[in-house]
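Trainee: I would like to go through the labels on this structure one at a time. Please set each value against its cut-off.

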Amino acid sequence: MARVQLLIPDADKDRFVHQARREGMSLSAWLRAAARERLTERQKVKRFKTAEDVRAFFERVHALDDLENEPEREPDWEEHLAVMNESKMKGLPKP
């Protein structure tokens, strides 16, 4: 069995221990159960079964895009550089 070290705030640890005890479990067992539950929930993905399912999905995605006023434009490289340079200059001492 693998050992995993987990760093969490003290308040969270106290809440987790309290809940684990209420459920009659050790903290380790409770954390494993919580992780399994989350994994099970996240893996409940509806798979595409037909090409029509895929088309319907993308129609819904495009409909959501159409609801937005104007999609945001990704800044070009020069704009990124200007923002980075401005940020660098803020950290320098004033002449």
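Trainee: Why does Phe-58 count as partly exposed?

Mentor: Keep in mind that this is a predicted model. Phe-58 has 42% relative accessibility. Buried means under 20% and exposed means over 50%. The value for Phe-58 falls in between, so the residue is partly exposed.

Trainee: Where does Phe-58 sit?

Mentor: Phe-58 is in helix α3. Phe-57 is in helix α3 too, which covers residues 51-67.

Trainee: What is the label for Phe-57, buried or partly exposed?

Mentor: Phe-57 has a relative accessible area of 31%. Buried would need a value under 20%, and exposed one over 50%. Therefore Phe-57 is partly exposed.

Trainee: What makes Phe-57 and Phe-58 an aromatic pair, and why is it called edge-to-face?

Mentor: A pair of aromatic rings is described by the distance of the centres and the angle of the planes. The count of aromatic pairs is 3. In one of them, Phe-57 and Phe-58 have ring centres 5.0 Å apart. The limit is 6.5 Å, so these rings pair. Their planes make an angle of 80°. Edge-to-face needs over 60 degrees, so the name fits.

Trainee: Which residues form the aromatic cluster?

Mentor: Phe-48, Phe-57 and Phe-58 form one cluster. These three residues also make a nonpolar surface patch of about 290 Å².

Trainee: How do you know that Phe-57 qualifies for that patch on accessible area?

Mentor: A patch residue needs over 30% relative accessible area. Phe-57 has 31%, so Phe-57 meets that cut-off.

Trainee: What makes Asp-12 and Arg-15 a salt bridge?

Mentor: Side chains of opposite charge can pair when their charged atoms come close. Between Asp-12 and Arg-15, the closest N and O atoms are 3.5 Å apart. The cut-off is 4 Å, so the contact counts as a salt bridge. Asp-12 and Arg-15 are 3 residues apart in helix α1, residues 10-22, so about one helical turn separates them.

Trainee: What are the exposure labels of Asp-12 and Arg-15?

Mentor: Asp-12 is partly exposed, with a relative accessible area of 25%. Arg-15 is at 58%. Exposed means over 50%, so Arg-15 counts as exposed.

Trainee: How many salt bridges are counted?

Mentor: The count comes to 4. Among them is Glu-41 with Lys-44, at 3.0 Å from N to O. Lys-44 has a relative accessible area of 58%, over the 50% cut-off, so Lys-44 is exposed. Another is Glu-86 with Lys-90, at 3.8 Å. That value is within 4 Å, so the pair qualifies.

Trainee: Where do Glu-86 and Lys-90 lie?

Mentor: Both are in helix α4, 4 residues apart, or about one turn of the helix. Lys-90 is exposed, at 65% relative accessibility.

Trainee: How do you know that the span of α4 is close to the expected one?

Mentor: Helix α4, residues 77-90, has 14 residues. From first C-alpha to last, α4 reaches 20 Å, and 20 Å is expected at 1.5 Å a residue. Helix α1 has 13 residues and reaches 18 Å, close to its expected 18 Å. After α1 comes Gly-24, with a positive phi near 70°.

Trainee: What makes Asp-76 a cap for α4?

Mentor: A side-chain oxygen of Asp-76 lies 3.3 Å from the backbone nitrogen of Glu-78. A polar contact needs N or O atoms within 3.5 Å, so this distance meets the cut-off. Asp-76 caps the N-terminal end of α4.

Key
Residues numbered from 1 in each chain as written. Heavy atoms only, no water. Phe/Tyr/Trp six-rings, centres within 6.5 Å; stacked < 30°, edge-to-face > 60°. Buried < 20%, exposed > 50% of the residue type's maximum accessible area, 1.4 Å probe, protein only. Helix = DSSP H or I, 4+ residues; strand = E, 2+ residues; numbered from the N terminus. Expected span 1.5 Å × (residues − 1). Polar contact = N/O pair within 3.5 Å; in protein donor to acceptor, adjacent residues only side chain to side chain. Patch = residues over 30% accessible without salt bridge, like charges linked within 9 Å, V, L, I, M, F, W, Y side chains within 5 Å. Areas by Shrake-Rupley, 256 points an atom, 1.4 Å probe, with all protein chains shown as cover. Salt bridge = Lys/Arg side-chain N within 4 Å of Asp/Glu carboxyl O.
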